[in-house]
Amino acid sequence: MIEPIFLQGICKDYLWGGNRLREEFGKVSDADKIAESWELACHKDGSSILRSGADAGLDLQEYVDRYGTAFLGTNCAGCETVPVLIKLIDAKQDLSIQVHPDDAYAMAAEGEPGKTEMWYIVDCTPGAALYYGVNREVSKEEFARRIENQSLTEILNRVEVKPGELYFIPSGTLHAIGAGILLAEIQQNSNTTYRVYDYGRRGADGKLRPLHVEKALDVTNLRTTAPTVQYPTQNIPGGTVRKLEACDYFASDVVNVSGTTAFSVGEETFHHLLVLTGEGVLKTAAGTAKISKGDSVLLPAGLGKYEVTGNCQFIVTRMDKPVRLK
Ligand SMILES: [Zn+2]
């Protein structure tokens with residue numbers, strides 16, 4: 001019998017973080033702030049911890065070391081690790097302006113995949129905004145000069161956000177999450193970030209955080225791109241679904257449950273549920289379990305039918321396409 005695997009997030013206390021993930025989402029950390037909680041992560045910089053089943057206490061890397069990656073499904077055949085990384089992010093202050101490389105550049109320069117990512121705005125303070133791409137085409141020389149003289153924000157799209165919005169950020173797009181935004185991030189399993197502007201801030205050690213200007217000049221897309229994509233809501237029995245994004249790297253939906261919704265996990269891909277609001281009961285052939293805001297649950301490939309009953313909202317992430325191995 002294949003059972004759901006409940007996961008505990010790995011918390012990061014980056015200098016811009018707040019305390020909402022602890023206070024509202026039940027995240028646990030000894031640090032005095034929680035910037036990010038890595039809810040589905042199998043990476044050298046952090047792996048989520050199993051908190052249910054016979055393997056409770058192992059982290060996902062140890063689980064993969066023990067059992068391999070067949071639980072991810074046939075679309076992940078040949079993968080040595082979980083190909084996506086899913087986080088909750090609480091930006092009490094602005095994040096640095098940054099860019100991520102694509103697969104080819106990242107493999108050559110960093111030995112890991114590139115990073116295309118997607119943000120789902122869970123909550124925000126009124127007027128909260130993010131930066132997304134350039135607001136007009138700029139030359140490499142101008143980009144370099146504006147990093148140097150710290151006027152980069154003048155050529156960036158500043159976008160005010162609302163809860164429920166989606167931002168898809170292909171590798172190469174300049175971006176920054178602004179103060180007051182709490183979001184869920186679905187991304188490739190990569191932790192490579194090239195920072196180009198950090199507001200002159202100093203870390204806990206009193207030092208400026210490093211910038212990565214040369215690499216950013218190599219990888220940044222200096223043409224304009226549309227900042228946000230909205231997806232229609234579809235009614236399903238017991239709730240609604242919004243299909244967020246199906247790119248080469250992941251497919252995610254937001255599901256609102258107001259009754260009983262039914263889904264199925266086949267042999268091709270796992271499902272990962274990240275509960276954003278409310279509570280419900282998850283029913284599988286293996287039994288029932290309560291789920292509530294902040295829970296992270298991996299449903300291994302081949303689990304079969306599952307139902308979620310209650311009043312809640314969750315993001316479900318799958319690998320609908322075969323993962324391209326490098
Ligand atoms: Zn990023």
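**Entry 1: Ala41**

I began with Ala41, which is buried, with a relative accessible area of 0%. The model I consulted is a predicted one. I located Ala41 in the loop between β3 and β4. I then listed the contacts of Ala41, setting aside residues up to four places away in sequence: Gly46, Ser47, Ser48, Leu60 and Leu85. I also looked up a distance across the chain: Ala41 and Lys87 are 46 residues apart in sequence, and their C-alpha atoms are separated by 8.2 Å.

**Entry 2: helix α2**

Leu60, one of the residues that Ala41 touches, led me to helix α2. This helix comprises residues 60-67, and I found Leu60, Tyr63 and Val64 buried in it. These residues cover an arc of only 100° around the axis, and therefore they lie on the same side of α2. I noted the general rule that an α-helix has 3.6 residues a turn, so residues three or four places apart point the same way. I next asked which exposed residues are carried by the face of α2 turned away from its buried side. They are Asp65 and Arg66. For the cover over the buried residues of α2, I recorded several strands, including β1 (5-8), β3 (36-40), β4 (42-43), β5 (46-47) and β6 (49-50). Ala41 thus belongs to the loop between two of these strands, β3 and β4.

**Entry 3: helix α4**

I turned to helix α4, residues 140-148, and looked up its buried residues. They are Glu142, Phe143, Arg146 and Ile147. The arc they cover around the axis is only 135°, which puts them on the same side of α4. On the other side of α4, I found Glu141 and Glu148 exposed. The cover over the buried residues of α4 includes the strand β15 (194-197) and the helix α5 (213-219).

I checked one further residue of this helix. Arg145 is in α4, and its relative accessibility of 47% counts as partly exposed, because exposed requires over 50%. I then noted the position of Arg145 with respect to Gly294: the two are 149 residues apart along the chain, and their C-alpha atoms are separated by 42 Å.

**Entry 4: the loop after α4**

I followed the chain into the loop between α4 and β11 (156-160), where Gln150 is placed. What is the sign of phi at Gln150, just after α4? I found a positive phi, near 60°, in a residue other than glycine. Ser151 has its place in the loop between α4 and β11 as well. Is Ser151 buried or exposed? I recorded Ser151 as buried, with a relative accessible area of 11%. From Ser151 to Leu174, 23 residues apart along the chain, the C-alpha atoms are separated by 14 Å.

**Entry 5: Tyr199**

I examined the loop between β15 and α5, which holds Tyr199. Both of these elements are included in the cover of the buried residues of α4. Phi of Tyr199 is near 60°, a positive value in a residue other than glycine. I noted Tyr199 as partly exposed, with a relative accessible area of 27%.

**Entry 6: Gly238**

I looked up Gly238 and found it in the loop between β16 (233-236) and β17 (239-246). Gly238 has 25% relative accessibility and counts as partly exposed. Leaving aside its neighbours within four places in sequence, I listed the contacts of Gly238 as Asn256, Val257, Ser258, Gly259, Thr260 and Thr261. I also recorded the separation of Gly238 from Ile147: 91 residues in sequence and 50 Å in space, C-alpha to C-alpha. Ile147 is one of the buried residues of α4.

**Entry 7: the whole chain**

I closed with the chain as a whole. I counted 5 helices and 22 strands. The radius of gyration is 20 Å, close to the 20 Å that the globule rule gives for 326 residues, so the chain is as compact as a globular protein of that length. Along the principal axes, the C-alpha atoms fill a box of roughly 60 × 40 × 40 Å.

I recorded that buried residues make up 54% of the 326 residues. Among the contacts with a separation of 6 or more, 73% are between residues 24 or more positions apart. The chain exposes about 13,900 Å², of which carbon and sulfur atoms supply 49%. Finally, I looked up the charges: there are 34 positive and 43 negative ones, and their mean positions are 3 Å apart.

Key
Residues are numbered from 1 along each chain as its sequence is written. This is a predicted model: local features need pLDDT of at least 70, side-chain atom pairs count only at pLDDT 80 or more; totals for chains, interfaces and linings use all residues. Side-chain values use heavy atoms; hydrogens and water are left out. Helices (H or I, at least four residues) and strands (E, at least two) are DSSP runs, numbered from the N terminus. The radius of gyration is taken over C-alpha atoms; the globule rule is 2.2 Å times the number of residues to the power 0.38. Buried means under 20% relative accessible area, exposed over 50%, partly exposed in between (1.4 Å probe, protein chains only). Contact means heavy atoms within 4.5 Å. Accessible areas come from the Shrake-Rupley method with a 1.4 Å probe; for residues, only the protein chains shown count as cover. Lys and Arg count as positive and Asp and Glu as negative; His and the chain ends are not counted. The place of a charge is taken as NZ of Lys, CZ of Arg, CG of Asp or CD of Glu. The arc is that of the directions from the helix axis to the C-beta atoms.
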